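Dear colleague,

I am handing over the structure below, and I would be grateful if you could look through it alongside the notes that follow.

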Amino acid sequence: MDIKIGLLVKNRITLQEVVSHCKKLTKKNKEQLSEMMSIDKQKGLKSLSKEKRQKLEAYQHLFYLLQTQPVYLARLIFQMPQNKSTKFMESVIFTLYNYASNPREAYLLLQLFKAALQEEIRSKVDHVHDILTGNATVIRLVVSFYRNARGQNALRQILGGPVQEVLQDKTLNIRTNPVDIYKAWINQTESQSGQKSKLPYEVSPEQALSHPEVQRRLDISIRNLLVMTDKFVSAITSSVDKIPYGMRYVAKILRTSLAEKFPMASAEEIDKIVGNLLYYRFMNPAVVAPDGFDIVDISAGVTLHPDHRRNLGSVAKVLQHAAAHKAFDGENAHLCGVNQYLEDTHDKFRRFISAACCVPEPEERFNMDEYSEMVAVAKPIIYISVGELVNTHKLLLEHQDSIAPHHGDPLHELLEDLDELPTVQSLVGDAEQVLSQLSKMEISLTLTGKLVPAASSEENDTRSLLLSTKQMLVDVIQAQPGDSLLEILWTPASEHEEASHDHLLRRRALRDAQTPSKLQRNRSLAANSRLSMEEKKRKIIRNLRRLESLGLVDSAHQYQELIDELAKDIRNQRRYRQHRKGELLKLRQTLQGLNAKTLFYEEQIDYYNQYIKTCLDNLAVSNKVSGKNKKLQSLHYTAARLFEKGVLLEIEDLPLSQFRNVIFDIIPCEESGRFQVKAKFMGIDMERFQLHYQDLLQLQYEGIAVMKMFDKAKVNVNLLIFLLNKKFFKK
C-alpha cells in the first residue's frame, strides 16, 4: 500500500517536471520524455525503485534478526580487538536498541548483555579472577551504559548526600600518608614561628611516624575517615532499589555464571567479583570525581578543591578495600587499625550484593514472552547512520562463519539477500558530498522479520518420538505389570491383561468424546493410543531402537533412562498442570492481541484503499461545463500515430505499412484509473484490453519498460503513462 501511494505521488511530481520541459509529445522529444518519466530523483536506499526497495527490506530483516537474536552480536564483539569492539558497541549496538528507550528495547538489550557476558565467561575466563584482570568488554560496556545513560540520576540519589557533606565540611582534612602529614606539620610550624625547622624535610614513612605529633594527626584523620566512610556505606547499602534494574540483573548473571563454571569457588570469592562490578566499576568513579558524573551541582568554570579530591579519594580507597575484602598491609601497614572496620564493612557489602542480585527475570520485569513480538502492532524503528550500516554489514561478512557456524543459519540467507557490500555513496545517492559527511547521514529502518515457512525440526521430531513412546509405555505398564521393562515388552499379555487394556482404551475414548475438538490430543498420539497391546509393544521396541541411535536411551541399562523420565513426569504432574495453566493464559492473551492486531490491519487496509481511490479521483480531470459533469472523452489513435509518438513499438505479424489500418480506442471507465482499450482493424472490432493505471506505475517501479497488450502489441510503459497523464489527468 505504501508503495502504491508513493508511486502515485512520485508520478505526479515527475509529470509536472516533464510537462514543464515538453508541452507536446513529438517524435523529436519522445526519447527524452521516456528517460525523464523513468528517472528516479531519489537514488539512495530510500528511493522508490524495486531494486532499492528490496535492498532496504533486506537491511530491515537483517537488523531485526540482530536485534531479536542477541547471540550474533554477542559473538561478533569477541572477533574484534577490545578498543574496536567498545567503539562498535557504543556506536551501533546502543543505536540498534534505541538506548533502551522502551520496555521492548530494554528487554532485548539485556538479553544481549546476558548472552555476551555468558559468552565471555565461557570462552575467555579460565580462572574465577580473570573477569577482574581481563577487563571484560561486556562489563565495561554495561557499566558505561547504565552509569552514563540510565544510572546517572541513580548515582546522584545514592551518593549525592555523603559527597555533599564532604564538600561542605571546610574543617575536614583527611591525610593518611605519614610523609604528607609530616610535611604539612613542618610547613605549619615554620609558618607560625617564622623560623626554619631543624627537622629534615625529606623523610621516610617510618621516620615520619616516629614523631608523636604525626601519629596524633594520623589518628585524627583515620577517625574522621571512618566516620565519613560509614556515611557512604550506609548510603550505598540502603539504596539497593535505586540501582538501575539492568545493572542489578547483569550482576545476577555474573554471579550465577561464575558459580556454574567454577563450582569449587567459594561464595565469598564470587561475591568479591560481583562487588567489583557494583561498587568499584559502577560507583567508585563517581565517588572520586563527583563533578564528572553530575553527583553534585557545581558552577560552570569551578573545579573541586584539591583537599576535597584528596578526602574523597581516601574514602574511595577504604570502600574499595572493604568491597574487595582486602586488608591494609605492607606500605599501608600504618592503617592496620582500619582492618577490623574493613571486616565488618565487607559483611555489609556481601549482604548488599545478595540483595542487589535478587531481581526478577526480564520477562517478568518487562512483561515480555515468546508471543510478544506477534501481537505488537507498532513496528520498531531505529535511526542509524549510513556509515554504521555499512560497517556492520562489512563486519558480518568478514566474521559470518564464526558468528553463524551452521550453513542453514538464517543470517547467511539474509546476507545473501543483501549481496555484495554497497558503498556509502550508493546508499545515500549523492556522490558530490565529502565521504565523511555522507557517512554521518542518518536513515530510518522499520524493522521486520523475514517470513520463512516453518519446517519440522529434528529436535521436534525427537521430542514427539519420545513423548509417544512414553505414552504407549504407560498404557502397557498399567495393564501388564512386570519386574523390568524388557520383561514386560517380550512377555505376551494374558487375556485378563488384554481386557484391562481394552477397558482403559474405552474409558479414554469416552473422555475424549466429551473434550472440545480444539483441545483434543495430537492426531498421531491419539492414533497410537488406539493400537492393540501387542501392536503397542512392537512399536515401543522399534521406537526404543531409534531413541538409542539418538543417544537418549541405552539397552545395556535396560532403558532405565526412559523409566526415570516416566517417574519424573509422575512426580511433577502438579507442576506441569500449573505450567499448562500459565501457558493457556498466555495463549489466550496472545489470541486477544492477535485479534486486535488483525482488526487494526484491516482498518489500515480500508484506510489505504480509500486514500488511493481519493488520489486517483484527484488526478482525474473534472471537465465541468456550466456546473454539469461531462463524461470523459475517449481517445482514438491509429497504430501509425502511436508508433510515431513512440508509445507503440510493434505489433507482431503485422507490417508497418498496415499500422494506418489499426485503430486503438482508449475509453475511461467509471472507476478512476481504469481504462478499456479496443483494437479495430479496418473498422472491425478485434480485441479488448483492461488497462489499470496503478499496474502501469507498478511496472515502472519494477523497471519494466515494455509491456504487451492483446498478447501482440508492445508498448513503451513510460510514454503510455505520459499519454494517459496528458489526456486524462490534471497537470
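Within the chain, which is a predicted model, residues 24 or more positions apart account for 72% of the contacts that have a separation of 6 or more. Of the 731 residues, 43% count as buried, while the accessible surface comes to about 40,300 Å², with 51% of that area belonging to carbon and sulfur atoms. The secondary structure consists of 33 helices and eleven strands.

Among the helices, I looked at H6, which covers residues 103–124. Its 22 residues should span 32 Å at 1.5 Å a residue, and this agrees with the 31 Å that separates its end C-alpha atoms. The expected value is 32 Å because the span is taken as 1.5 Å times one less than the number of residues. As for its surroundings, 16 of the 22 residues of H6 are buried, so the helix is largely enclosed by the rest of the structure. At the N-terminal end of H6, Asn102 acts as the cap, with a side-chain oxygen placed 3.1 Å from the backbone nitrogen of Arg104.

The second region is built around strand S7, residues 662–668, in which five of the seven residues are buried, so that this strand, too, is largely enclosed by the rest of the structure. S7 has strand S5, residues 635–638, as an antiparallel partner, and the pairing runs over four bridges; within it, Leu635 has Ile666 in S7 as its bridge partner. S7 is also joined to strand S8, residues 674–681, by seven bridges, again in the antiparallel sense, and here Val662 is matched with Phe681 in S8. S7 and S8 together form a hairpin with five residues between them, and in its turn Gly673 has a positive phi of about 90°.

A last point concerns a single residue, Ser529, which belongs to helix H27, residues 523–529. Is Ser529 buried or exposed? Its relative accessibility is 4%, and because buried means under 20%, Ser529 counts as buried. The C-alpha atom of Ser529 is separated by 8.8 Å from that of Ser468, although the two residues are 61 residues apart along the chain.

When you open the model, you might begin with the hairpin of S7 and S8, and then turn to H6 and the capping contact that Asn102 makes at its N-terminal end.

With best wishes

Technical notes
Residues are numbered from 1 along each chain as its sequence is written. This is a predicted model: local features need pLDDT of at least 70, side-chain atom pairs count only at pLDDT 80 or more; totals for chains, interfaces and linings use all residues. Side-chain values use heavy atoms; hydrogens and water are left out. Helices (H or I, at least four residues) and strands (E, at least two) are DSSP runs, numbered from the N terminus. Buried means under 20% relative accessible area, exposed over 50%, partly exposed in between (1.4 Å probe, protein chains only). Contact means heavy atoms within 4.5 Å. Accessible areas come from the Shrake-Rupley method with a 1.4 Å probe; for residues, only the protein chains shown count as cover. A polar contact is a pair of N or O atoms within 3.5 Å; within protein, one must be able to donate a hydrogen and the other to accept it, and residues adjacent in sequence count only if both atoms are side-chain atoms. Two strands pair if DSSP finds at least two bridges between them.
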